[in-house]
Amino acid sequence: MTTEPNFTAGQEPEGKVAALIAWALFILSIPSANVLVLVGLVVSYVARGTAVGVARQHIEAQIALFWSVFWWTIAAWVGIAVSALASIILIGIPFLLLFALIWFLLSVWFTVKSVLGLINLLQDKPI
């Protein structure tokens, strides 16, 4: 299988539509409680094999963004869980609020980064 670009006039570069769909699904992470992010990740992995050029860079960036935010979200949830247990004895409430704020900011950052990625892709700019 080759990953040569399609140079037919009027055709989108190979992988661009999938990258657009994945960015759009990533943007909907907060309203969908991150369910659509998983669909976007699957779209990115499926399209990665045939994407070329700028679209390939965007797909790679989407996958990297997902996994970096995934691990930071896990860390925030561990902090929330530990703080919730500590709040039983009233010393963890400030930490519970701090880790909940960190988790919220991660979600907002992920959405903003996805919007910027979509804008760059629409302008055919690399990440």
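## Salt bridges, helix packing and a nonpolar patch

Arg 56 and Glu 60 sit 4 residues apart in helix H3, about one turn of the helix. In this predicted model, the two side chains form a salt bridge, with the closest N and O atoms 3.0 Å apart. Arg 56 is partly exposed, since its relative accessible area is 30%. Glu 60 falls in that class too, with 29% relative accessibility.

Glu 60 has another partner as well: Arg 48, where the closest N and O atoms are 3.6 Å apart. This pair links distant parts of the chain, with Arg 48 in helix H2, Glu 60 in helix H3 and 12 residues from one to the other. Arg 48 counts as partly exposed, because its relative accessible area is 28%. Put the pairs together and you get a network of salt bridges that links Arg 48, Arg 56 and Glu 60.

How many salt bridges turn up in a search of the whole structure? The search finds 3, and here they are:

| Salt bridge | Closest N and O atoms |
|---|---|
| Lys 16 with Asp 124 | 3.0 Å |
| Arg 48 with Glu 60 | 3.6 Å |
| Arg 56 with Glu 60 | 3.0 Å |

What about the pair outside the network? Lys 16 forms its salt bridge with Asp 124. Lys 16 belongs to helix H1 and Asp 124 to the segment after H4, so this pair ties together parts that are 108 residues apart in sequence. The two ends of the bridge also fall into separate burial classes. Lys 16 is buried, as its relative accessible area is 9% and the cut-off for buried is under 20%. Asp 124, with 43% relative accessibility, counts as partly exposed.

Now for the fold around these contacts. The protein has 4 helices and 0 strands, and along the sequence that reads as α-α-α-α. Of its 127 residues, 32% are buried.

Two helix pairs are worth a look, and H3 takes part in each. For a pair of packed helices, the description rests on the angle between the axes and the distance between them. Start with helix H2 (residues 35-48) and helix H3 (residues 53-87): they pack at about 140°, and their axes are 9 Å apart. H2 is therefore oblique to H3; the cut-off for roughly antiparallel is over 145 degrees. The crossing of H2 past H3 is left-handed. Arg 48 of H2 and Glu 60 of H3, met above, form a salt bridge between these two helices.

Next come H3 and helix H1 (residues 16-27). Their axes come within 9 Å and cross at roughly 30°. That makes H1 and H3 roughly parallel to each other, because angles under 35 degrees count that way. H1 and H3 also make a left-handed crossing.

Finally, the surface. A nonpolar patch there has about 950 Å² of accessible area in total, and its members are Ile 30, Trp 77, Leu 101, Trp 103, Phe 104, Leu 105, Val 108, Val 112, Val 115, Leu 116 and Ile 119. Which helix gives the largest share of the patch? Helix H4 (residues 93-122) does, with 9 residues. One of the patch members in H4 is Ile 119. Is Ile 119 exposed or partly exposed? Ile 119 counts as partly exposed, because its relative accessibility is 40%.

Methods:
Residues numbered from 1 in each chain as written. Predicted model: local features only at pLDDT ≥ 70, side-chain atom pairs only at ≥ 80, totals over all residues. Heavy atoms only, no water. Patch = residues over 30% accessible without salt bridge, like charges linked within 9 Å, V, L, I, M, F, W, Y side chains within 5 Å. Areas by Shrake-Rupley, 256 points an atom, 1.4 Å probe, with all protein chains shown as cover. Salt bridge = Lys/Arg side-chain N within 4 Å of Asp/Glu carboxyl O. Buried < 20%, exposed > 50% of the residue type's maximum accessible area, 1.4 Å probe, protein only. Axes fitted to C-alpha atoms, helices over the stretch in contact; angles between N-to-C directions. Parallel < 35°, antiparallel > 145°, perpendicular 65-115°, else oblique. Left-handed = near helix turned anticlockwise from the far one by under 90°.
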